[in-house]
Amino acid sequence: MSTQKALFLTKSKGDFAVLEREVDEPGPGEILVEVRAAGLNPVEYQIQKYDFLIKEYPAVLGTDVAGVVVKVGAGVTNVAVGDKTFHQGNFNNRYAAYQQYTIANADIVAKIPSNLTFEQAASLPVALATSAVGLYNPKSGGGLGLTPAWEAGGRGKYAGEPILILGGASAVGQAAIQFARLSGFAPILTTASPHNEAYLKSLGATHVLDRALPLAGLPAAVAALAGAPLKHAYDAVSSRETTRAALSALAPGGGLAYVLPDTLDEGAVTDGKEAVFVYGQANEPHARALAASLYAHITQLLEAGDIKPNNIEVVPGGLAGIPKVLERFAKGVSALKMVAHPQENL
């Protein structure tokens with residue numbers, strides 16, 4: 001097991017190719033995971049098209065990982081060889097998902113509960129981190145500074161307060177809705193296509209506004225339903241138009257979390273409002289402490305059904321099947337997580 005198959009983006013804005021690379025050894029505080037399922041995300045399509053985040057090519061992408069621990073480094077006590085785990089990888093070849101084996105930081109790894117499959121577990125890490133960082137990280141770390149729902153005093157703390165989540169059918173939006181429900185927010189207002197309304201309400205949304213309606217009317221629609229001043233909003237879409245509409249819907253002094261850079265209009269933040277850019281990468285210093293807290297509790301939340309995974313579509317063809325499926329993100333994918341099997345057909 002000295003070499004493995006991996007899906008490489010061969011160069012900036014280049015093609016993908018399945019090639020050989022070494023299997024890395026875990027260092028202190030790390031584990032080696034045999035990747036059984038890898039989730040696909042829009043950012044991987046965007047990296048290929050626009051060339052960002054990646055510093056060296058050829059590059060292995062993918063950051064949603066579920067698999068089996070095959071080696072542990074010094075000092076690791078929370079998981080053992082043979083454990084089924086999931087975690088968020090990072091944008092370098094050592095920690096990436098689109099390969100047969102990957103390294104993980106053990107403090108941000110969780111065991112997969114018996115009620116989830118590898119595929120369901122692989123749908124979670126990026127969405128969990130991005131939604132949790134945006135809601136619960138300190139403002140200095142790109143969050144709204146709320147008390148985490150899984151920590152002491154966090155469950156139900158914001159009962160009776162409204163929240164707006166744009167893009168509720170996205171993986172991040174779904175996770176944000178569920179965290180908002182655990183935090184007690186009500187009503188939970190979200191935007192999505194009408195055919196996703198019943199599903200999003202099953203996750204905790206109370207009102208689903210048609211995403212096709214003109215955004216200029218969003219502040220009035222929110223005001224009619226919120227029942228109280230809107231202090232918190234999460235924009236999981238983050239176009240210039242959605243970010244502008246979300247800020248307009250906020251009450252003076254309110255806070256907005258948004259997930260894509262360069263979508264905030266100059267001068268849009270007024271009336272004492274705040275807007276924070278969310279970088280939901282659990283391995284990075286700004287998010288590591290919150291992520292470790294989340295991963296210490298997430299298995300129990302999943303076992304109890306407090307947090308539910310995405311709907312799954314399995315990508316055929318293993319690693320080689322990923323590039324064609326990534327192209328679907330150009331047209332938009334909602335209420336669905338695509339997952340590949342790196343061990344397949346190799």
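Pro187 sits in the loop that runs between helix 4 (171–183) and strand 10 (188–192), and in this predicted model the peptide bond that joins Ala186 to Pro187 is cis, with omega at about 0°. A cis peptide bond also joins Tyr57 and Pro58, where omega is about -5°; Pro58 belongs to the loop between helix 1 (42–50) and strand 4 (59–60).

The loop between helix 1 and strand 4 also holds Leu53, whose phi is near 75°, a positive value in a residue other than glycine. With a relative accessible area of 35%, Leu53 is partly exposed, since that class lies between the limits of 20% for buried and 50% for exposed. Lys13 likewise has a positive phi without being a glycine, here near 60°, and it is found in the loop between strand 1 (3–9) and strand 2 (16–22). The relative accessible area of Lys13 is 53%, and therefore Lys13 counts as exposed.

From these loops one may step back to the whole chain, which has nine helices and 16 strands. The C-alpha atoms fill a box of roughly 60 × 40 × 35 Å along the principal axes, and the radius of gyration of 20 Å agrees with the value near 20 Å that a compact globule of 346 residues would have. Of the 346 residues, 56% count as buried, while the surface that the protein exposes comes to about 13,800 Å², with carbon and sulfur atoms supplying 53% of it. Among contacts with a separation of 6 or more, 67% are between residues 24 or more positions apart. As for the charges, the mean positions of the 27 positive and 31 negative ones are 3 Å apart.

How is the surrounding of a buried residue such as Thr102 made up? Thr102 is found in strand 7 (residues 101–105), and because its relative accessibility is 1%, it counts as buried. Leaving aside residues up to four places away in sequence, Thr102 touches Ile31, Leu32, Val33, Val35, Val65, His87, Arg94, Tyr95 and Ala96. Two of these neighbours offer backbone oxygens to the side chain of Thr102: that of Ala96 lies 2.7 Å from a polar atom of this side chain, and that of Arg94 is reached at 3.4 Å.

Ala97 lies in the loop between strand 6 (84–88) and strand 7, and at 0% relative accessibility it counts as buried. With residues up to four places away again left out, Ala97 touches Val35, Ala38, Leu61, Gly62, Thr63, Asp64, Val65 and Pro342. Pro113, by contrast, is 16 residues from Ala97 along the chain, and the C-alpha atoms of the two are separated by 20 Å.

Farther along the sequence, helix 7 (residues 240–249) has Thr242, Thr243, Ala245, Ala246, Leu247 and Ala249 as its buried residues. These buried residues pack against strand 9 (163–166), helix 6 (218–226), strand 12 (232–235), strand 13 (255–258) and strand 14 (274–277).

The path ends at helix 8 (residues 285–303), where Pro285 has its place. Pro285 counts as exposed because its relative accessibility is 72%. Along the chain Pro285 and Ala17 are 268 residues apart, and their C-alpha atoms are separated by 32 Å.

How values were computed: Residues are numbered from 1 along each chain as its sequence is written. This is a predicted model: local features need pLDDT of at least 70, side-chain atom pairs count only at pLDDT 80 or more; totals for chains, interfaces and linings use all residues. Side-chain values use heavy atoms; hydrogens and water are left out. Helices (H or I, at least four residues) and strands (E, at least two) are DSSP runs, numbered from the N terminus. The radius of gyration is taken over C-alpha atoms; the globule rule is 2.2 Å times the number of residues to the power 0.38. Buried means under 20% relative accessible area, exposed over 50%, partly exposed in between (1.4 Å probe, protein chains only). Contact means heavy atoms within 4.5 Å. Accessible areas come from the Shrake-Rupley method with a 1.4 Å probe; for residues, only the protein chains shown count as cover. Lys and Arg count as positive and Asp and Glu as negative; His and the chain ends are not counted. The place of a charge is taken as NZ of Lys, CZ of Arg, CG of Asp or CD of Glu. A polar contact is a pair of N or O atoms within 3.5 Å; within protein, one must be able to donate a hydrogen and the other to accept it, and residues adjacent in sequence count only if both atoms are side-chain atoms.
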